[in-house]
Amino acid sequence: MIEARHLRVLRAVAATGSFSAAARELGCTQPAVSQQMKALEASAGTPLLIRTGRETRLTQAGEVLVRHASGILAGLTAAEEEVAAIAGLRAGRVRLVSFPSGSSTLVPSALAALRAAHPGTRVSLVEAEPPRSVEMLREGDCDIALAFRYGAATAEEWDDLVVRPLLIDRLVGLVPDGHRLAESGAVDIRDLADEPWIAGCPRCRRQLVDVCEESGFTPRIDFATDDYPAVIGLVGAGLGVAVLPELAIASVRPKGARTVTVEPAVEREIVALTLPDLARVPAVAATLDQLAGAAARN
């Protein structure tokens, strides 16, 4: 019989490339990893790993097992959580991954409301931007991914997931206080064509370049950072202009910078994602409900 704990170890070995690295990731010893892999190969009836010097690689059978492991482990997690939830959500665990501006705006009020309603449900939080957060969900490393997308062109990338729409987040312009357009109610993005730009996360960066090129120019990006407060600080110091999601502005008090409405309008859809099996888990469903409530209050 193949055991879930052995699958978790196999997936760690495949991801890290060695028994010792897998042991560090799992918080156990290398002999323990080796012992569990021997037990798994005995259960499977065929070799799953090939060790050559310091390198460990999968056999064809190992590749098949790793490919199925995430779905198997997600299904087991769903079963365990549903059983625990029979007692009325007095127990439960939800692993949430969110992008930074969602972590500072939507997540706090959602988790506070969840704790008040179901104090026995524990939620852990880590941060990652999409598409990495979506990969973590599919790999079984989280139960809910708070993510975003620009437009409908990439909608098919989530076809295998349960998508809970939360809100539409418009991008706004950010200029220094003394900028010539600081007092403007709205500006055409072409009016900023000759400015130095400060760009945000990689996906937002690509969207900025696409929008600017559609408007007839290529932005000169002097600085790029995933840290929204850093973007705002650079703009406030007069080093350039930027466009940021409203959620990012809401999470930081701009100093020395002004927001302006930018045309053409650029919007991103904020969603909560989970796997179909996990969507039936009461603790996960309750967390999705509270995230939707937080978005409605935003």
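Leaving aside its neighbours within four places in sequence, with which residues is Arg51 in contact? In this predicted model, the partners of Arg51 are Phe19, Gln30 and Thr56. Arg51 itself belongs to strand 1, which spans residues 49-52. Arg51 is partly exposed, because its relative accessibility is 48% and the class runs between 20% and 50%. Ser18 lies 33 residues from Arg51 in sequence. The C-alpha atoms of Arg51 and Ser18 are nevertheless 8.6 Å apart in space.

Two of the partners of Arg51, Phe19 and Gln30, also take part in a contact between helices. Helix 2 covers residues 19-26 and helix 3 covers residues 30-44. The axes of helix 2 and helix 3 come within 8 Å and cross at roughly 105°. Helix 2 is therefore roughly perpendicular to helix 3, since the crossing angle falls in the range of 65 to 115 degrees. From helix 2, the contact draws on Phe19, Ser20, Ala22 and Ala23. From helix 3, it draws on Gln30, Val33, Ser34 and Met37. By class, the residues of this contact comprise 5 nonpolar and 3 polar, with no charged residue.

Burial in helix 2 involves Phe19, Ala21, Ala22 and Ala23. Phe19, Ala22 and Ala23 are also among the residues that helix 2 brings to the contact with helix 3. The cover over the buried residues of helix 2 includes helix 1, helix 3, strand 1 and strand 2 (55-58). Strand 1 is the element that holds Arg51. Just after helix 2, Gly27 has a positive phi of about 75°. Most residues other than glycine have a negative phi.

Helix 4 offers a buried site. Ala69 is located in this helix. Ala69 is classed as buried because its relative accessible area is 1%, which is under 20%. Val123 is 54 residues from Ala69 along the chain. A C-alpha separation of 23 Å lies between Ala69 and Val123.

The largest pocket has a volume of about 390 Å³. Its lining consists of 21 residues. Closest to the centre of this pocket are Arg11, Leu73, Glu139, Gly140 and Asp141. Helix 1 (4-16), helix 2, helix 4 (60-85) and strand 3 (92-98) each give two or more residues to the lining. The lining of the largest pocket divides into 10 nonpolar, 3 polar and 8 charged residues.

Closed spaces were also counted. Rolling a probe the size of a water molecule over the atoms shows where empty space is left. The count comes to 2 cavities of 30 Å³ or more.

The largest cavity has a volume of about 80 Å³. It is lined by Leu171, Ile189, Gln207, Leu208, Val211, Val243, Val262, Pro264, Ala265 and Val266. Helix 7 (residues 202-214) gives the most to this lining, with 3 residues. The lining of the largest cavity has 9 nonpolar residues, 1 polar residue and no charged residues.

The second largest cavity has a volume of about 70 Å³. Among the residues lining the second largest cavity are Ile198, Cys204, Arg205, Tyr228 and Pro245. Leu171, Leu208 and Val243 belong to this lining and also to that of the largest cavity. Strand 8 (196-199), helix 7 and strand 10 (242-245) each supply at least two residues of the lining of the second largest cavity. Strand 10 provides the largest share, 4 residues. In the lining of the second largest cavity, 10 residues are nonpolar, 1 is polar and 1 is charged.

Cis peptide bonds complete the description. Most peptide bonds are trans. The bond that joins Pro130 and Pro131 is cis, with omega about 10°. Pro131 sits in the loop between strand 4 (121-127) and helix 6 (132-138). The peptide bond from Glu263 to Pro264 is also cis, with omega near 0°. Pro264 is part of the loop between strand 11 (257-263) and strand 12 (267-274). Pro264 is also one of the residues that line the largest cavity.

Terms used:
Residues are numbered from 1 along each chain as its sequence is written. This is a predicted model: local features need pLDDT of at least 70, side-chain atom pairs count only at pLDDT 80 or more; totals for chains, interfaces and linings use all residues. Side-chain values use heavy atoms; hydrogens and water are left out. Axes are lines fitted to C-alpha atoms, for helices over the stretch in contact, and angles run from 0 to 180 degrees between N-to-C directions. Angles under 35 degrees count as roughly parallel, over 145 as roughly antiparallel, 65 to 115 as roughly perpendicular and the rest as oblique. Contact means heavy atoms within 4.5 Å. Ala, Val, Leu, Ile, Met, Phe, Trp, Tyr, Cys and Pro count as nonpolar, Asp, Glu, Lys and Arg as charged, and the others, Gly among them, as polar. On a 1 Å grid over the protein atoms alone, a cavity is a set of points where a 1.4 Å probe fits but cannot get out, and a pocket is an open set with protein on both sides within 12 Å along at least five of seven lines; lining residues have an atom within 4 Å of a point. Grid points are joined across faces, edges and corners, and a volume is the space filled by probe spheres set on the points. Buried means under 20% relative accessible area, exposed over 50%, partly exposed in between (1.4 Å probe, protein chains only).
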